[in-house]
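Me: Please take a close look at one part of this structure and describe in formal terms how its helices pack and what surrounds them. A single connected account would be preferred.

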Amino acid sequence: MATKIRLQRGGRKNYAFYSIVIADARAPRDGKFTEKIGTYNPNTNPATVDLNFDRALYWVEIGAQPTDTVRNILKGEGVYMMKHLRGGVKKGAFDEAACQQKFDAWKQTKVAATEAVEKKVSDDKKAAAARNLEAEKKVNEAIAKKVAEKKAAAAAAKAEAEAAQAAENAAPEAPAEETPAEA
């Protein structure tokens with residue numbers, strides 16, 4: 001039986017979530033599978049992978065063929081690196097302790113790189129939020145300036161109208177001259 005390591009789609013529309021499964025090569029994508037060995041969420045940055053490392057390594061060593069995407073996931077998680085190192089142990093190039101030490105060193109560099117990416121994404125988000133806040137403050141200051149100008153113009157117009165009215169009220173009206181009535 002030809003065995004494949006493939007992704008099985010889940011999640012909702014426009015938000016895919018995948019299970020990493022072992023299935024017969026003839027089975028459909030979302031059909032019957034032998035074993036579930038992990039999950040893959042491409043919606044996060046960086047993509048989240050939860051993998052049962054030992055089972056994935058077992059299936060790769062006995063010859064299960066992964067799809068292209070799953071192969072990239074397994075390489076990223078170090079399954080192929082461990083398979084390569086175990087091949088060196090079988091050939092006698094080094095012992096099991098050296099194999100584990102090399103794998104741990106590789107894994108530490110991989111984790112450091114992932115943390116650097118996560119930190120960069122976090123810093124970029126913070127910087128973008130700060131830029132947006134500054135832009136919003138500038139817009140708010142411009143609006144406040146326009147409002148203050150309008151209020152000052154309205155106050156000046158009101159003061160001018162009151163001054164004109166006060167001047168009008170202060171000026172005594174001249175009585176109309178009476179013409180003597182002829183008797």
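Reply: Two residues are said to be in contact, or to meet, when heavy atoms of theirs lie within 4.5 Å. The model discussed here is predicted, and the part chosen for the close look is helix α4, residues 96-170, together with the elements around it.

By that criterion, Lys75, Gly76 and Glu77 in α2 meet Phe103, Trp106, Lys107 and Lys110 in α4. The residues of this contact divide into two nonpolar, one polar and four charged. The axes of α2 and α4 come within 10 Å and cross at roughly 105°. Angles of 65 to 115 degrees count as roughly perpendicular, and α2 and α4 are therefore roughly perpendicular to each other.

Helix α3, residues 79-91, also packs with α4: the two axes come within 9 Å and cross at roughly 155°. Because an angle over 145 degrees counts as roughly antiparallel, α3 is roughly antiparallel to α4. The crossing of α3 with α4 is right-handed. On the α3 side, the contact involves Met81, Met82, Leu85, Arg86 and Val89; on the α4 side, it involves Glu96, Cys99, Gln100, Lys102, Phe103 and Trp106. Seven of the residues in the contact of α3 with α4 are nonpolar, one is polar and three are charged. Phe103 and Trp106 of α4 are listed in the contact with α3 and also in the contact with α2.

Helix α4 further takes part in the largest pocket, which has a volume of about 360 Å³. The pocket is lined by 15 residues, and those closest to its centre are Ala47, Val49, Glu77, Lys110 and Thr114. Glu77 and Lys110 also belong to the contact of α2 with α4. With seven residues, α4 gives the most to the lining, while α2 (68-77) and α4 each supply at least two residues. In character, the lining residues divide into eight nonpolar, three polar and four charged.

Two backbone features in loops complete the description. The peptide bond from Asn45 to Pro46 is cis, with omega near -5°, and Pro46 is placed in the loop between β3 (35-41) and β4 (48-51). Asn14, in the loop between β1 (3-12) and β2 (15-24), has a positive phi of about 65° although it is not a glycine.

Terms used:
Residues are numbered from 1 along each chain as its sequence is written. This is a predicted model: local features need pLDDT of at least 70, side-chain atom pairs count only at pLDDT 80 or more; totals for chains, interfaces and linings use all residues. Side-chain values use heavy atoms; hydrogens and water are left out. Axes are lines fitted to C-alpha atoms, for helices over the stretch in contact, and angles run from 0 to 180 degrees between N-to-C directions. Helices (H or I, at least four residues) and strands (E, at least two) are DSSP runs, numbered from the N terminus. Angles under 35 degrees count as roughly parallel, over 145 as roughly antiparallel, 65 to 115 as roughly perpendicular and the rest as oblique. A crossing is left-handed if the near helix is turned anticlockwise from the far one by less than a right angle, and right-handed if clockwise. Ala, Val, Leu, Ile, Met, Phe, Trp, Tyr, Cys and Pro count as nonpolar, Asp, Glu, Lys and Arg as charged, and the others, Gly among them, as polar. On a 1 Å grid over the protein atoms alone, a cavity is a set of points where a 1.4 Å probe fits but cannot get out, and a pocket is an open set with protein on both sides within 12 Å along at least five of seven lines; lining residues have an atom within 4 Å of a point. Grid points are joined across faces, edges and corners, and a volume is the space filled by probe spheres set on the points.
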